[in-house]
Amino acid sequence: MSAAGSGTAERRAEGPGGDLLAALLDGMDAALCAFDADGTVTHWNREAERILGWPAEQAVGRRGFAGWAARPADADEVLGRLMAAMHAPGRQVHEFALLRKDGGRVLVRTQSAGVRGADGQPAGVYCAFSEVHAQIDLERSIALSEALFEDASWGVVLVDVDLRPAVVNARAARALGTGRTTALGRPLGELIAQGVEEVEGALQHVLAEGAPPGLAEMWVTLRGDGEERRRCWRSGFLRLASPLAEEPVPLGVGWLFQDVTEARLAEQEADRLRFRSSQLHRAGAAAAECEDPMEAATVLLDFAVAGFADHALLDVTADERRLVRAAATPTGAPGPVAPVAGGGVPVPYPDGHPALQALARTGPVRASAGAGRPHAAGEWAAERRWPGDAAHALCIPLRSRGRTLGIATFLRSASRPPFERPDAVYAETVTTRLAASLDLAEALRGR
């Protein structure tokens, strides 16, 4: 084994260059050995020692693996296939079963290539090898990364420590309404208009504390979306740390999300329908206990307002063009719908008022102050003789026995969404019962 010892000594005797080469070889993550043209081991690094258990002092200077790192039946074949790389172009990949110093067998995958001398002639072979299971684990990790960024059914965004996208897969790019490279390095606020604070807060928490135990659902609105549609993204987060550092060094956050907007909207609509159906049932039961039909009408309207609007107004017809206020919710503070003592004086609605439009059309009319001028909502409401916080209105004619008996007006503040077609359908269901109570009250007065 004097040759092995002298081989190591010779490398160190080369001076700083030899020390640098030895340090580089020993610092490599891959196991590496080299053979001269005769098949004698000339280099053996620490990772090779870790895998097979043989130190450099016992490996360098041996010819091939016979008698120590390979079974006798396999040694010649192993050396022959490795040395064949000396005369072949490129790298040669093989798998061999080698022997550990403790006698155990380990399957390794090798990449070998020829080494040329100063004269250009084959001078030997270098061989990098790793345990097959470790190589397979690495390949799986690479394959998983490739699949996530190409074919994943989830959007995947890698965010750096400055909370800027570093890698974006195809599905995430489509969800964000941008290209895969266009989004890189941009602040999230340039991509997300509403909800960006929640997203950035989650990312900062993951960087500081680690991944949360479960998934989170976040509602966002994308910048540049003319329809300003809210989207619900079910999100998971992973803190990324460098595997090469002694202390965990955060590299950023892996953000995986899936668009579940349709499912959440369907659930919300189902909950809304259940609540409204319950309100209608309770309203009908409460109204049935009222002796006065007008009281029953206010009870019905009061149940309809809950969870549906901020204010409700009940105007009855004085003639084809005029409406008289009969009941309303309080304007100063929340409270139940109550009769209004107006003395029969018509409400001074201006021409083109939504209530007058509904009266003329005998159909529902929706109106809003407009998204472009939220500061003018108070002025808009005042012009229409409505409470000052009203920003969205729904006017429904009260029809019974082929006649329009009045108008029910539902009002929402600017903090709530405008009335939509499903809201009008629900309101029409309420006002059908309301109109029946008004019709009964009128019939009783005429007796």
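Arg385 is partly exposed, with a relative accessible area of 48%. In this predicted model, Arg385 sits in the loop between helix 12 (377-383) and strand 16. Its backbone deserves a second look: phi of Arg385 is near 60°, a positive value in a residue other than glycine. Most residues other than glycine have a negative phi.

Arg401 shows a positive phi too, at about 50°, although Arg401 is not a glycine. You can find Arg401 in the loop between strand 16 and strand 17. Is Arg401 buried or exposed? Arg401 counts as exposed because its relative accessibility is 65%, and the cut-off for exposed is over 50%.

Now for a residue on the inside. Thr110 belongs to strand 4 (residues 105-116). With a relative accessibility of 2%, Thr110 counts as buried, since buried means under 20%. Leaving aside residues up to four places away in sequence, Thr110 touches Leu82, Gln92, Val93, His94, Phe96, Cys127, Ala128 and Phe129.

Let us step back to the whole chain. There are 13 helices and 17 strands in the chain. Of its 447 residues, 41% count as buried. Among contacts in the chain with a separation of 6 or more, 50% come from residues 24 or more positions apart.

Helix 9 (residues 261-287) is a good place to see how helices pack, and the table shows two of its pairings.

| Helix pair | Axes come within | Crossing angle | Residue classes in the contact |
|---|---|---|---|
| Helix 9 and helix 10 | 9 Å | roughly 160° | 7 nonpolar, 2 polar, 1 charged |
| Helix 9 and helix 13 | 11 Å | roughly 10° | 4 nonpolar, 3 polar, 3 charged |

Start with helix 9 and helix 10 (residues 293-305), whose axes cross at roughly 160°. That angle makes helix 9 roughly antiparallel to helix 10, because angles over 145 degrees count that way. The crossing of helix 9 past helix 10 is right-handed. On the helix 9 side, the contact uses Gln279, Arg282, Ala283, Gly284, Ala286 and Ala287, which meet Ala296, Val299, Leu300 and Phe303 in helix 10.

Helix 9 and helix 13 cross at roughly 10°, so helix 9 is roughly parallel to helix 13. Here Arg276, Gln279, Leu280 and Gly284 in helix 9 meet Pro422, Asp423, Tyr426, Thr429, Val430 and Arg433 in helix 13.

Which residues have the most contacts inside the largest nonpolar core? They are Leu301, Phe308, Leu314, Leu394, Leu398, Phe410 and Leu434, in a core of 33 residues. Several elements each give this core at least two residues: helix 9, helix 10, strand 12 (311-317), strand 13 (323-328), strand 16 (390-400), strand 17 (403-413) and helix 13 (421-445). Helix 10 supplies the largest share, with 8 residues.

A second, separate core has 30 residues, including Trp44, Ala69, Ala75 and Val106.

To explore the largest core yourself, try Leu394, one of the residues with the most contacts inside it. Beyond residues up to four places away in sequence, Leu394 touches Phe308, Pro364, Val365, Arg366, Ala408, Thr409, Phe410, Phe419, Asp423, Ala424 and Ala427.

Definitions and conventions. Residues are numbered from 1 along each chain as its sequence is written. This is a predicted model: local features need pLDDT of at least 70, side-chain atom pairs count only at pLDDT 80 or more; totals for chains, interfaces and linings use all residues. Side-chain values use heavy atoms; hydrogens and water are left out. Axes are lines fitted to C-alpha atoms, for helices over the stretch in contact, and angles run from 0 to 180 degrees between N-to-C directions. Angles under 35 degrees count as roughly parallel, over 145 as roughly antiparallel, 65 to 115 as roughly perpendicular and the rest as oblique. A crossing is left-handed if the near helix is turned anticlockwise from the far one by less than a right angle, and right-handed if clockwise. Contact means heavy atoms within 4.5 Å. Ala, Val, Leu, Ile, Met, Phe, Trp, Tyr, Cys and Pro count as nonpolar, Asp, Glu, Lys and Arg as charged, and the others, Gly among them, as polar. A nonpolar core is a set of buried Ala, Val, Leu, Ile, Met, Phe, Trp, Tyr and Cys residues joined through side-chain atoms within 4.5 Å. Buried means under 20% relative accessible area, exposed over 50%, partly exposed in between (1.4 Å probe, protein chains only).
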